[in-house]
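Okay, thanks everyone for coming. I'll walk you through one model today, so let me put it up on the screen.

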Amino acid sequence: MIVVMKVGSPEQEIQRIETELQDWGLTPEKIIGKHKIVMGLVGDTASLDPLLLQEISPWIENVLRVEKPYKKTSLEYRNGEHSKVVVPTPNGDVTFGVNHPVVVIAGPCSVENEGMIIETAKAVKAAGASFLRGGAFKPRTSPYSFQGHGESALELLAAARDASGLGIITEVMDTADVDKVAEFADIVQVGARNMQNFPLLKKVGAQDKPVFLKRGMSATIDDLLMAAEYILAAGNSNVILCERGIRTFDSQYVRNTLDLAVIPVLRSLTHLPIAIDPSHGVGVAKFVGPMAKAAIAAGADSLMIEVHPNPAKALSDGPQSQTFEGFANLMQELSVIGKAVGRWSESPVIVG
Ligand code: PEP
Ligand code: MN
């Protein structure tokens with residue numbers, strides 16, 4: 001349920017209403033929108049009469065029920081206003097959200113050694129990326145494949161951040177590692193395979209770093225939104241949703257089916273920013289560019305692209321990784337689309 005306040009409502013009155021709602025056993029969350037203040041109420045609101053709530057104050061414009069099963073994640077909960085996720089990095093604040101330049105996250109699938117991660121950080125920064133990605137803990141289909149260097153790779157990511165000024169995003173797979181990963185990362189990634197790992201979602205929801213939540217490969221859009229709801233319900237509303245391809249019936253030419261329709265669909269259902277990962281989406285380096293361009297044209301707020309100094313020798317996901325040169329060229333091409341839709345920053349990082 002949301003309580004929409006009239007424009008110009010006095011702060012004192014808002015505080016009084018908050019206290020009264022608490023007396024009703026509710027936990028109001030004040031959301032300051034561009035034009036209006038909204039108070040979100042979740043919990044046991046089924047038996048509450050919206051008309052009765054409305055009578056609390058003449059400054060209340062409207063009391064509306066959020067009909068969707070995902071409450072805090074829904075667009076209704078913010079009275080139709082999209083939210084943004086602002087992430088501090090050494091180069092300045094980077095904003096993910098509608099009406100902001102597309103944020104490009106780039107880097108290798110896995111952090112392999114210090115030299116390659118620092119070299120990649122510098123190369124992707126020079127090409128215009130704002131974040132460096134790199135897995136320390138890797139979810140691999142086979143237990144015999146490279147599993148990532150774990151904790152020691154977090155230190156290497158920190159060194160790459162120092163060397164480049166880029167923000168760092170890396171995946172956490174285990175609840176036991178959340179504190180450690182959050183200590184190093186500027187954004188914590190929950191991967192496709194863990195999208196419905198509910199203890200993990202609760203744990204990343206209970207810490208402060210923004211969360212990059214990837215859609216499970218067999219998850220519906222509602223499944224993704226309910227997974228996000230776990231994180232928001234636990235107290236963290238800085239969530240970026242990421243489409244990375246789903247399983248359909250034809251995997252002969254592409255690794256997954258990149259569902260770009262999620263962009264307009266999610267935009268109509270949730271206030272959260274939307275990212276697209278075309279690298280895992282198609283799994284073939286030469287198909288990544290066209291899908292990245294399409295994602296920007298369709299309104300994506302962010303892109304995640306795998307880049308490796310020598311894809312042929314990569315310890316994971318080489319076939320879908322761009323070379324430095326390929327990535328720099330791709331960024332040039334993306335800038336044309338980004339500028340056409342008014343969402344491209346000349347400088348890689350947006351300060352302020
Ligand atoms: C990754 O980002 O390297 C990764 C493993 O992604 P996903 O969870 O989408 O497979
Ligand atoms: Mn990968």
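Let's start with a question: in which sense do strand S9 and strand S10 pair, and over how many bridges? They go parallel, over three bridges, with S9 covering residues 167-171 and S10 covering 187-190. If you want a spot to look at, find Ile169, which stands opposite Ile187 in S10. And on the other players here, helix H4, residues 151-164, packs on the sheet and touches S9 as well as strand S8, residues 131-133. The direction of H4 makes about 160 degrees with that of S9.

I should say that this is a predicted model.

Now zoom out. That pair belongs to a closed barrel of eight strands, running S7-S8-S9-S10-S11-S12-S13-S14 with parallel pairing. From one strand to the next, the twist averages 25 degrees. Quick refresher: strands of a sheet pair through backbone hydrogen bonds, and that can be parallel or antiparallel.

Over at S7 (103-107) and S14 (302-306), you'll find helix H11, residues 324-340, lying across both strands. H11 runs at about 160 degrees to S14.

Okay, on to the cores. The largest nonpolar core has 70 residues, and Leu213 and Phe327 touch the most other members. Helix H7, residues 221-233, gives the most to this core, with seven residues.

So what does Phe327 touch, leaving out residues up to four places away in sequence? The list is Val104, Ala106, Val124, Ala127, Ala129, Ile305, Val307 and Gln322. Apart from that big core lies another one, of 15 residues, including Met1, Ile14, Ile17 and Leu53.

That's my tour, happy to rotate the view for anyone.

Definitions and conventions: Residues are numbered from 1 along each chain as its sequence is written. Chains are lettered from A and ligands numbered from 1 in the order in which they are written. This is a predicted model: local features need pLDDT of at least 70, side-chain atom pairs count only at pLDDT 80 or more; totals for chains, interfaces and linings use all residues. Side-chain values use heavy atoms; hydrogens and water are left out. Two strands pair if DSSP finds at least two bridges between them. Helices (H or I, at least four residues) and strands (E, at least two) are DSSP runs, numbered from the N terminus. Axes are lines fitted to C-alpha atoms, for helices over the stretch in contact, and angles run from 0 to 180 degrees between N-to-C directions. Contact means heavy atoms within 4.5 Å. A nonpolar core is a set of buried Ala, Val, Leu, Ile, Met, Phe, Trp, Tyr and Cys residues joined through side-chain atoms within 4.5 Å. Buried means under 20% relative accessible area, exposed over 50%, partly exposed in between (1.4 Å probe, protein chains only).
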